[in-house]
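The exercises below ask the reader to work through one protein model, from helix packing to single residues. Please look at the sequence and the structure before turning to the solutions.

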Amino acid sequence: MSSPDPQVRAARNPSTPAAVRGPVVAVTGAATGVGALLTERLAASGEIKQVIAIDERRGECADAQWHILDVRDPAIADKLRGADVVVHLALDLDLETDPAARTAYNVRGTQTVLTAAAAAGVHRVVLCTSAMVYGALPDNELPLAEDAELRATAEATGVGDLLEIERLARRAPRAHPGLNVTVVRPAVLVGGTDTALTRYFESPRLLVVAGSRPAWQFCHVEDLCSALECAVLEQVDGELAVGCDGWLEQEEVEELSGIRRMELPSAVALGAAARLHRIGLTPSPVGDLAYTMYPWVVSGSRLHDAGWRPAWTNEEVLAELLEEAAGRHTVAGRRLGRKDATAAGAAGATVALLGAAAVVRRARKARRRI
């Protein structure tokens with residue numbers, strides 16, 4: 001189910017056809033990923049009057065009005081004129097992107113979009129961050145309420161950018177009176193995505209840190225798009241968390257996936273992850289590991305109260321993730337070739353990476369001696 005029942009919608013709009021009353025919606029990052037899926041969804045909806053698609057290249061949705069530009073360009077304000085709602089999805093969370101360049105794009109882009117939306121007379125901006133902003137901590141409640149404190153740090157991939165976007169979202173209504181900002185925070189996003197958390201399931205063994213308490217909650221991109229549509233149609237606002245109902249314990253994940261665990265002491269796992277990232281062997285900083293150790297499950301109660309329900313279960317999303325991961329080989333966030341992956345499977349993930357790190361160090365020493 002993508003959004004509240006059509007009868008509920010009809011009751012809210014008993015007289016005027018939805019197509020006439022519907023908003024004009026601008027979507028940034030509309031050519032790829034979640035942005036492309038949302039653009040297609042909104043363009044096909046009878047409750048949306050028009051979709052304005054913004055990206056650095058043209059996407060495939062023929063029913064949208066396209067504008068090709070960088071979201072950091074102040075000229076975007078002209079492209080937003082006439083829009084009622086902006087959904088800002090032009091974010092770079094690629095593991096391989098230079099962190100400084102990624103932050104410059106994400107933060108500056110969000111600042112520009114919020115300012116431009118206010119200047120263009122847009123009344124609502126919908127931002128998408130992640131439930132990672134709550135932080136993965138051993139004392140987190142299961143599940144977390146939407147208004148729980150954001151206790152994440154900037155140590156995990158992209159989380160510092162997301163926390164800054166959250167701060168911009170809170171400040172925007174004060175800086176731009178009349179501008180409403182809604183923030184949507186999905187759980188582990190699955191469906192054509194590539195993150196440190198999806199790569200965890202590409203490993204020959206599931207790394208489990210001794211004494212940790214993982215709890216896995218997923219969010220399929222289709223459910224995220226349906227939640228964003230609810231925010232666009234003003235069926236719900238504020239700070240929203242979205243994900244499958246409930247969560248899976250680590251033992252359930254191992255049983256469903258058929259992938260065995262490799263349990264390591266905390267000092268060994270964290271120390272190895274930090275060293276490997278420091279020498280550039282893996283793209284994931286040590287902070288990413290916390291999200292596989294401790295719970296950060298969200299309730300999604302505000303969307304539920306508005307009548308929204310996820311179409312996917314955690315078990316179904318995990319099955320799709322494993323299907324997507326088939327044939328890929330990753331150890332500690334680093335994609336391996338088939339030959340390397342065979343060795344990793346035989347020797348164990350951490351042993352293989354520590355061995356690779358030693359090889360790198362020896363090679364560097366050898367080059368210095370030449």
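**Exercise 1: a helix pair**

The helices α9 and α13 cross in a right-handed manner, where right-handed means that the near helix is turned clockwise from the far one by less than a right angle, and left-handed anticlockwise. Helices (H or I, at least four residues) and strands (E, at least two) are DSSP runs numbered from the N terminus. Task: describe the packing of α9 and α13 by angle, axis distance and contacting residues.

Solution. The contact, meaning heavy atoms within 4.5 Å, is made by Val253, Leu256 and Ser257 of α9 with Glu315, Leu318 and Leu322 of α13. The two helices pack at an angle of about 50°, and their axes are 11 Å apart; axes are lines fitted to C-alpha atoms, for helices over the stretch in contact, and angles run from 0 to 180 degrees between N-to-C directions. α9 is therefore oblique to α13, since angles under 35 degrees count as roughly parallel, over 145 as roughly antiparallel, 65 to 115 as roughly perpendicular and the rest as oblique.

**Exercise 2: how far to trust the model**

Task: state the basis of the model and find where its confidence is low.

Solution. This is a predicted model, in which local features need pLDDT of at least 70 and side-chain atom pairs count only at pLDDT 80 or more, while totals for chains, interfaces and linings use all residues. Residues are numbered from 1 along each chain as its sequence is written, and side-chain values use heavy atoms, with hydrogens and water left out. The mean pLDDT (the predictor's confidence in each residue, from 0 to 100) is 88 for the protein, with 83% of its residues at 70 or more. Over residues 1–20 the pLDDT is below 50, and this stretch has 33 contacts in the model beyond near neighbours in sequence. Residues 338–363 also have pLDDT below 50, with 30 such contacts beyond near neighbours in sequence. Where pLDDT is low, the predicted coordinates should not be read in detail.

**Exercise 3: the buried face of α9**

Task: which residues of α9 are buried, and what covers them?

Solution. In α9 (residues 250–257) the buried residues, those under 20% relative accessible area (exposed is over 50%, partly exposed in between; 1.4 Å probe, protein chains only), are Gln250, Val253, Glu254 and Ser257. Seen down the axis of α9, they fall within an arc of 95°, so they line one face of the helix; the arc is that of the directions from the helix axis to the C-beta atoms. Their cover includes β8 (206–209), β9 (215–216), β12 (248–249), β13 (261–264) and α13 (314–325). Just after α9, Gly258 takes a positive phi of about 75°.

**Exercise 4: Arg261**

Task: is Arg261 buried, partly exposed or exposed, and which residues does Arg261 touch?

Solution. Arg261 is found in strand β13 and, at 28% relative accessibility, counts as partly exposed. Not counting residues up to four places away in sequence, Arg261 touches Arg205, Leu206, Val208, Gln250, Glu251 and Glu254. The C-alpha atoms of Arg261 and Val209 are separated by 9.8 Å, although these residues are 52 apart along the chain.

**Exercise 5: two backbone details**

Task: where do Pro143 and Glu234 lie?

Solution. Pro143 is in the loop between β5 (124–128) and α6 (159–175), and the peptide bond from Leu142 to Pro143 is cis, with omega near -5°. Glu234 lies in the loop between α8 (221–232) and β11 (239–242); Glu234 has a positive phi of about 60° although it is not a glycine.
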